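User: Got a structure I'd like to go through with you. Can you pull it up?

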Amino acid sequence: MGQRIVIDPVTRIEGHLRIEVEVENGKVKDAWAVGTMARGLEVLLLGKDPRDATYVTERVCGVCAGSHGWNSSMAVENAHGAELPELARVLRNLILGAMWIHDHPLHFYHLSALDYIDVTAVANYKGGDRGLLNVKERVAALMKMGDTAPLTPRYKPDEFCVSDPDLATTAVAHYLKALEMQAKARKMSALFSGKSPHQASIVAGGVTFLPNVSLIQQFKSMLNEQAEFIRNTYVQDVIAFGTGPLLPLAQAGVGGGYGNFMSFGGFPLKDGEFLYKPGIVTDSNLKKIDDFDEREIREKVKYAWHEDSTDNLHPSQGKTVFELDKKDAYSFVKTPQYNNMPMEVGPLARMLVQQPKELMDLVNKYGIKVGAVARHAARAVESLMLLDAMYRWLDELVDLIKTGDTRIHDTDHWEPPVEGEGAGIMEAPRGALGHWIEIKDRKIANYQMVVPSTWNFAPRDEKGTRGPVEQSLIGVPVPDPENPINVVRVIRSFDPCLACAIHLIEPDSNKVLEFKIN
Amino acid sequence: MDLTTYLISKGVKRRDFIKLIGTTVAALGLSPEIHSPKIAEAVEAAAKKPPVIWLHAQDCTGCTCSLLSSFDPGPAEIVLDLLSIRYHETIMAASGHVSEEELHKTIEEGGYLLVVEGSIPTVDDKYMTIGGKTFSKILKESASRAAAIIALGSCAAYGGIPAAGPTGAVGVEEIVTDKPVINLPGCPIKPNWLIGTIMHYLMFKDIPALDEYKRPLAFYGTLLHDNCPRRGHFERGEFLEDWNDPEQSQYCLLLKGCKGPKVYTDCAQSFWNDGVNFCIGVGAPCAGCTQPEFYATGPQDSINRAGFAPLYVKQDSFKLPGLGGIDAKGIGKVVTGATVAGLGVHFGGKMVFGKKHNDEKDAAEEAKK
């Protein structure tokens, strides 16, 4: 019997996550992922005006805000037979695009990098760069005061933490620069969407705002600054870390998993195609990309606190009947599967379906395997793809406006339908996102969301097959049980969003804490 | 007491202090001659940084993200120079037991600002746990030694959207009943609301003047409708009905469900994201996110608030211009002049105070006292 390690809270993620691992001979032998907070957003939508779902589900998550709003609008439009005007599609792409280029660098620098940098090494910087000396003084002053929060305390740096003073100081300087850039990316999104987080412009049927030429130019100028930062700083840092100090982790494939990947397709283009293609990879076979078929999704509940009668349903028929004293169950999160397989979703899944040359060349040149480092690389490469696309969408926006067509909303389908069923299925920054709605008497009769972190952080299925994150932790080195830094590195590489993953709970039970193995 | 004051009280002069840190400066690989005075300045500044415990409950992290999208001060300045953020799950380096220990250490030291983001479940408080502890227990412990408590965002202030859900989600002041709570509602918050409130507290060691919903009047003291750029169209009876019509694009959004006539916020005077925009600016109706009525507080409420659902429909209680006018009185009613006793040394001054559930009569009586 190995040693049980509990990490709760797992920080630098969105939401509340508890991870338990069993460690034997310095390696993870088994793992359990548990969400510890729920709000009940699907339940509160019942009986509400279907159009409110866009606003309410937008608030599922304040990090990837915009994605839920769009998927929800898409579900309502789908249920109503509404047709999204071209201008609205392009504007949504630009609003969301700005959010994605906010999200990916933020994940690398602010949520992940502190696992890979020994911040105290900054005090040993001996170079003459004025900018870096400024960073050194800033950090040294904090260290002298003994007030380096929130950079410390931390797990003890290990051999994979960058302690070279030049590299560490540069990384901290970029951490600070990236803080400024993510604020600017949100500002950029707000130009077209009112505010960020929680944009206001995307509503069922379209968008509420057509920007004028001056705003479009402002957006473009801000995109230029983001592009400069992403191309010359963010992507270069990911490559420098991944092929430098982290190369052993990358080549060992620490934090790998099943090799099953799924993409719903992200950012619709004018020809009905997607910028990020939908598709399925199974068993790490990158030579065979299967078509994605939404009908193959099922949600299982064997190890979730849900009644067995709700097992194995398609989300459009999804039910939520809780049984919190259920034997052996250990998570609020259901177990979604595709064709009976657990699937990893997110940037790596998208990029392995897409296989862009930049990523495949990098991976082949350095022998990088599927794992935590590969996830960071995929996130960087897809940011480059997105930047190029955003310039094309700005051109498309101007071309459409030139035609004199100002339609941004399907006003004929604004009043909710008497009844209907619809789905909004599209990629969010963290992976495959699905919203399903059923409308009766012009009100919401059923609402179900299956979100990226539900796929990744699912508990075991009926056969005991672990969820993708649980599986990815198997074999992760933990030389010091007091310092499970590799475990959090792997968890964070998935960019977890637990507020998304759990949106419903049983109100009449007090069994939650009985799953406690402290 | 900060470090500088402490050292001075012990008879350590600034010159000695600089000398004192010289050896450590040298150990850090810095030149003591050049860097000691600078570091002394930084130390003096750093010594005044207020410690902050930031708890996440039933939240979406949107308020944290919003604060980090601040300009002037920017996020790096806020995180490193302005505040000493000891516990904050989204940004802190530590995880698991290391973060738990930091939380407990900070609570023991006391005198910190407590910021709470997210609502608290009451149907069963076990629905929200961190480190195997229920959130309400963590909140009470953290509140016990806090110098000031800020309920950040609509969820922490009044329950917000989750209040309409099955968990019985409530705001902080329903759980922390023995200490004053400053409410900063909004979905999410606008950064200047939090930064301004903290700056006020640091400058005056006192809570800013609040309205009856415990919101600082400085930010929530004016009716959105009074300052709305589209007010002229409202008065002329020009209402947006079709977003596709460029002529209507700046018209009043009342028929699209805008709650502006009942919402107290400075959104129309101070825009979002470095001042570039706000909801109404893009033709989207105000959802009333700074009000206790947001989103769907039902008629069961003790003061019979109707709630703001549905969002995109004009509710009957919203009046068109002309005869009858706008029925906006009674919302955000301010009660002045009450001195609050027994709030501890930090809150010795006067503040505007009112109970959330007071009706006007009770409020008037309280004001006389």
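Analyst: One term before we start: contact means heavy atoms within 4.5 Å. Also, this is a predicted model.

User: Fine. Which residues in helix 6 of chain A meet helix 5 of chain B?

Analyst: From helix 6 of chain A, they are Leu176(A), Leu179(A), Glu180(A), Gln182(A) and Ala183(A). Their partners in helix 5 of chain B are Pro75(B), Ala76(B) and Leu80(B).

User: What's the make-up of that contact by class?

Analyst: Six nonpolar residues, one polar and one charged.

User: And at what angle do the two axes cross?

Analyst: Roughly 135 degrees, and the axes come within 8 Å. Helix 6 of chain A spans residues 165-193, and helix 5 of chain B spans residues 75-82. The crossing makes helix 6 of chain A oblique to helix 5 of chain B. The cut-off for roughly antiparallel is over 145 degrees.

User: Zoom out. How many residues does each chain put into the contact?

Analyst: Chain A gives 94 residues and chain B gives 95 residues.

User: How much area is buried between chain A and chain B?

Analyst: About 8,000 Å². Carbon and sulfur atoms account for 64% of that.

User: Which three residues supply more than any other three on the chain A side?

Analyst: Tyr55(A), Lys144(A) and Pro150(A). Together they supply 8% of the area that chain A buries against chain B.

User: On to polar stuff. How many salt bridges between chain A and chain B?

Analyst: Three salt bridges. One pairs the side chains of Arg138(A) and Asp81(B), at 2.7 Å from N to O. There are also 32 residue pairs in polar contact across the interface, with both residues at pLDDT 80 or more.

User: Which elements of chain A give two or more residues to that side?

Analyst: Helix 1 (41-45), helix 2 (52-58), helix 5 (130-145), helix 6 and helix 14 (485-493) of chain A. Helix 6 of chain A gives the most, with twelve residues.

User: How do the residues on the side of chain A that touches chain B divide by class?

Analyst: Into 46 nonpolar, 21 polar and 27 charged.

User: New topic. How many salt bridges in the whole structure?

Analyst: A search over all chains finds 50 salt bridges. Within chain A, the side chains of Arg92(A) and Glu77(A) meet in a salt bridge at 2.8 Å, N to O.

User: Where do Arg92(A) and Glu77(A) sit?

Analyst: Arg92(A) is in helix 4 (residues 86-112) of chain A. Glu77(A) is in helix 3 (residues 67-80) of chain A. The two are 15 residues apart, and the pair links distant parts of the chain.

Methods:
Residues are numbered from 1 along each chain as its sequence is written. Chains are lettered from A and ligands numbered from 1 in the order in which they are written. This is a predicted model: local features need pLDDT of at least 70, side-chain atom pairs count only at pLDDT 80 or more; totals for chains, interfaces and linings use all residues. Side-chain values use heavy atoms; hydrogens and water are left out. Axes are lines fitted to C-alpha atoms, for helices over the stretch in contact, and angles run from 0 to 180 degrees between N-to-C directions. Helices (H or I, at least four residues) and strands (E, at least two) are DSSP runs, numbered from the N terminus. Angles under 35 degrees count as roughly parallel, over 145 as roughly antiparallel, 65 to 115 as roughly perpendicular and the rest as oblique. Ala, Val, Leu, Ile, Met, Phe, Trp, Tyr, Cys and Pro count as nonpolar, Asp, Glu, Lys and Arg as charged, and the others, Gly among them, as polar. Buried area is the accessible area (1.4 Å probe) that two parts lose on being put together, summed over both. A salt bridge is a side-chain nitrogen of Lys or Arg within 4 Å of a carboxyl oxygen of Asp or Glu. A polar contact is a pair of N or O atoms within 3.5 Å; within protein, one must be able to donate a hydrogen and the other to accept it, and residues adjacent in sequence count only if both atoms are side-chain atoms.
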